[in-house]
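Subject: Structure for your review

Dear colleague,

I am passing on the structure we spoke about, with my notes on what was found in it set out underneath. Please read the notes with the coordinates open beside you.

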Amino acid sequence: MRRTPVTLGWLVAGAALWATCPLAKGPSDGKVAAPTLGLITIQEADQDGGRRWLPRSGAVSDINSELVIAVDHDRLLAAADSLGAGPSPALGQSLQQFVSLLADFQDAVSTLGPALSQWSSATDSHRVDLLADPLSQVAARGRAIIHAAPPGSPLREALNRALQARIDASSGGVGMLDQYAAISDGVRQEIERLRIELAHQEAAGGVYVQMGAWLVRPDQSRPVHLEGFDDYPEGESYEVARGYLPFSDADRAAYEKLIESTKGEAGQQSLRHEAAEQLAALMSVPTGCADEFESRLEDAQTMLKGRADQALQSLKTVAQDVSAVRDQAKQALAGIRAIEQGATSTDPVLAVFDIRRQAEATTAAFKALREGLPAKLQQVLTPLTDRALRDSLSRLLDWNSTQCSQKLELAQHQLDQLLQAWGITLAGSTAAEEALKFGKEVRKLDVQNVPVLTTLPLVRTGYREHGDALLIKLGVGSATVASRTLDARRVELMRVLPHVETAASLVFAQPLGRDGRRGFQSVPSYSVLLKGISGRRSARYYRLFEIGAGVNFSTLDFEHDDRPELGISGVLTMFREYAQVGVGVRPAEGRSFWFFGLKLPFAQSGTTGSTSSGGPPAK
Amino acid sequence: MLNKTTILPTDSKALAQKLLRRLIYDEVHVLFVALGSGGPIETMVERAGKLAGKEGEPRWVAWARKPEMIQDVVAELKGDAKLLKQISGARAFTLALTDEVRDVITADEAEPDLVRIEDAYFSAEEKGGA
C-alpha cells in the first residue's frame, strides 16, 4: 500500500510529461504559413499582441481574440461562375487555371532561391546536385504557364511585356529570380483582366454571395454578426476572465458537496477505490508508449556504437599508414644529414645511391598512400551509412506513427467514455453544423461588392465557454440556383493564453515521513491554477490533457479528531483537473503531506467572465 | 553589349570547336547555342543573353555565327533523336546541365519572342523535359 501512492504519483507525473509530447501539440505559433487553399482565410490577433494564420483543419483560437477574416476574391469569382448564370464557363475555367498555375509556380520559385545563391560557390559536381531538382520544378511550372499562353494570346502578350519591362530596367542581364517575378507579374495581369471581364458577366447574371458565422455550443448554435455581411445586432460584450477571481457561489456549492461526500468511512473507501482504478487504467497507456520508444532507442544506440567502433578502427589503420610513411621520410632525411656532415663511414658515393633509393621508396610510399586514401576513407564511412543503421534510426523517428498512435486512440476512446460517464462531452463538428442555414439577416451581396476583409472580435459574440466553436460559411446563389456552400471554416475557441482558473475537487491525501504509514484520507480541496503557459496546442490538448499548476488549499484531518486543519500545497493538474497530484505542508503542525486527486462528477468549475455591464452574462 | 555570351570564332574551326567543347563539357551551364547570323539571329542572341541572367547563375549563351564550324561538336551531342535531327538548319538549341539537347528553335518557327527563348531555357532546365 505504501508503494501504491508513490507509484500512482509518478504515473500521474508521467502522464503530464506525455501530454507535452508532439502527440498533443498543435501548430506552433507563427509557423503556419498563410494558407493558399480555400476561399476563406483567418488570422487571429490575441490579447497579448500575437498574430497568426489559422490552419484549415484543427484551428484553435483564444476565446477572447479578434479574428480577421479574408475572402479570396479571385477564387470567389471563379467559383461563382460555376452557377452558370450568365458568365462564360470557359472564362471562369481560365481564371481558375491561371490562379492555380501561378500558385504552383511561386511555390517552386520559393525553394529555388537558396540553391541559386549557392551556385557560384559550389564545386562543379556539387553544383548539378544542388540545383537540378529545384530548377527543374520551376522550369516545369514555367513551361506549364507558357503552354497556356500560345502566340497571340493575351497571356502571351502580358508575359512578353513583363519580361521586356525587366530587360529595359536593367543594364546587364536580368537575374533568373527577376525573370520569374516578371512571369508572375504577367500571369497576375491576365488574372486581373479575366477577373474584371468575369465580374461584368457576373453582374449581368444576378449571382450573389453570402457569408455567415455561428457560435456553436454543445446545446445550441446562434448566429453572430460579421461586419459588412449581415444585419444581426452585435452580441453582448463578454470577456472571459484571465485573472484570479474570488471564490464564487458555484465554487462554494461544489466545495460543500465535496465535504458531504467525504463523510463516512464507506463513502471514503468507495471513492478511493474508484479513483485509483480509473487513474491506473489510463496511466498504463503512456507508460506502454514510453517502454516501446525506450526499446527502439536502445536498439539504435547499440547499432550506432558498433558502427562507430568499426569506423574508428578503420581510421586508426589510416593513421598508422601515414605514420609509417612519415618515419620512412625521416630516416631518409637523417641519412642525407649524415652524408652532409661526413658522419657516415660508408663510401659517400655509395651512401648517396642508398639515400636516393630511400628517397624513391619514400616518394612511392607517399604516392601509394595518396592513391589509396579515398578507398580507405570509404571504409571509414561505410559502416556509418549502411542500411541497417538508417533503418534503425528511421524506426526511432517513426515510433509515433505506428503502435503508439493506435494506443493513444484507444486511450482517448476510454477517456471519452469515462468523461461521458461524468457528464462531459468532447464536442466536435456535427451534422447539425452542416445543416446551419443563412438567416434572412445575412445579406445577399453582389460578387463585386463582397468585402475582402472583415474583423470579428470574439468578445462581442456574447457568452461563450472554453470548448465552444465558431463556424463560418461562405455561399453563393442566384435567382435560379439555390445557395450552396463554397467554403466553411471551423475554429475551436479555447482559453489558450495564460490565465488563472479555480477548481474545487476531491483529493486523497497522505502524510509524508513517519506518519506515512497512515492510509489515505479523502478531503475536499480548492485549487488556484495557472494555465496556458506551455504555448499553443491542439484542440485535442485543450479538450483532454490541459495541464495546470498552482496552489491547492485543502481541509485535512489526519488525526481524525474532528479538528480540521489547513493544508497548503503545490499542485499539478492534467486532463482538465480530472487528475492531479501535489505536495504540501500543514502550517499548524509543520508537517508535510502529498495527495492525488480525481475530479468526480459532482465537483465542477466552469468558465467565468464579465460582461460590459458588470453583471452575470446571459447564456 | 552582349551579356554572358561567347561568340565562337569564324576563322578557326579548331578554336571554335575547342571553345564550344569547353563550354559544354568542362563548364557547367544551361547553354543556349545560337546558330547563324543576320538581324533576326542577332536579336535572338541579344535576348537570350539578357535572359541568361546574372553572373553566377547557370545560364550561358554560345553564338556560332558559322554553324558549319561546329558540326563535329554537334554530331557528338546526346539527346532525343528527333531533336538532334532538327538542329541542322535551326536557329538555336539548348543544352541541359547534363549536356543533353533539350530544345530546338527551328527555322520554321516564327522569330522567337522572349517567351519562346524562356521556354527554351526552361526545357533545358526541366528534368526529362524535351
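In this predicted model, A:R156 forms a salt bridge with B:D113, and the closest N and O atoms of the pair are 3.0 Å apart. That pair belongs to an interface of chain A and chain B across which the rule finds four salt bridges, and the count of residue pairs in polar contact between the two chains, both residues being at pLDDT 80 or more, is 15. On the side of chain A that touches chain B, helix 4 (124-147), helix 5 (154-169) and helix 6 (176-205) of chain A each supply at least two residues, and helix 4 of chain A gives the most, with 14 residues.

Taken as a whole, the interface brings 34 residues of chain A into contact with 27 residues of chain B. The two chains bury about 2700 Å² between them, and 63% of this area is on carbon and sulfur atoms. Of the area that chain A buries against chain B, 21% is supplied by A:W119, A:R143 and A:M176, which is more than any other three residues supply.

Turning to chain B, its six strands form an open sheet in the order 1-3-2-5-6-4, with mixed pairing. The edges of this sheet are strand 1 and strand 4 (78-79) of chain B, each of which pairs on one side only. Strand 3 (residues 59-64) of chain B is mostly covered, with six of its six residues buried; B:R59, B:V61 and B:W63 lie on one side of the strand, while B:W60, B:A62 and B:A64 lie on the other, so that both faces are covered.

The pairing around that strand can be followed on either side. Strand 1 (residues 5-7) of chain B runs parallel to strand 3 of chain B and is joined to it by three bridges, with B:T5 standing opposite B:V61. Strand 2 (residues 30-35) of chain B also runs parallel to strand 3 of chain B, here with six bridges, and B:L35 has B:A64 as its bridge partner. Strand 2 of chain B is further joined by four bridges to strand 5 (residues 92-95) of chain B, in the antiparallel sense, and there B:L31 stands opposite B:L95.

Two helices of chain B should be viewed together with this sheet. Helix 5 (residues 114-125) of chain B packs on the sheet and touches strand 2, strand 3, strand 5 and strand 6 (100-105) of chain B, its direction making about 165 degrees with that of strand 6 of chain B. Helix 2 (residues 39-50) of chain B lies across strand 1, strand 2, strand 3 and strand 5 of chain B, and runs at about 160 degrees to strand 3 of chain B.

Chain A has 13 helices and 18 strands in its secondary structure, and buried residues make up 45% of its 619 residues. Among the contacts in chain A with a separation of 6 or more, 73% are between residues 24 or more positions apart.

Chain A also holds a closed barrel of six strands, which runs 12-13-14-15-16-17 with antiparallel pairing, and the twist averages 35 degrees from one strand to the next. Within the barrel, strand 12 (residues 499-511) and strand 13 (residues 521-531) of chain A pair over 11 bridges in the antiparallel sense, and A:S505 stands opposite A:S525.

One residue of the barrel deserves a separate note: A:E565 lies in strand 15 (residues 565-574) of chain A. A:E565 counts as buried because its relative accessibility is 12%, under the 20% cut-off. The side chain of A:E565 makes a polar contact with the side chain of A:R586 at 2.9 Å. Apart from neighbours within four places in sequence, the residues in contact with A:E565 include A:S554, A:L556, A:F558 and A:E589.

Finally, helix 2 (residues 73-80) of chain A is mostly covered, with six of its eight residues buried, namely A:H73, A:L76, A:L77, A:A78, A:A79 and A:A80. At the start of this helix, a side-chain oxygen of A:D72 reaches to within 3.2 Å of the backbone nitrogen of A:D74.

With best regards

Methods. Residues numbered from 1 in each chain as written. Chains lettered and ligands numbered in written order. Predicted model: local features only at pLDDT ≥ 70, side-chain atom pairs only at ≥ 80, totals over all residues. Heavy atoms only, no water. Buried < 20%, exposed > 50% of the residue type's maximum accessible area, 1.4 Å probe, protein only. Polar contact = N/O pair within 3.5 Å; in protein donor to acceptor, adjacent residues only side chain to side chain. Pairing = 2+ DSSP bridges. Axes fitted to C-alpha atoms, helices over the stretch in contact; angles between N-to-C directions. Contact = heavy atoms within 4.5 Å. Buried area = accessible area lost by both parts, 1.4 Å probe. Salt bridge = Lys/Arg side-chain N within 4 Å of Asp/Glu carboxyl O.
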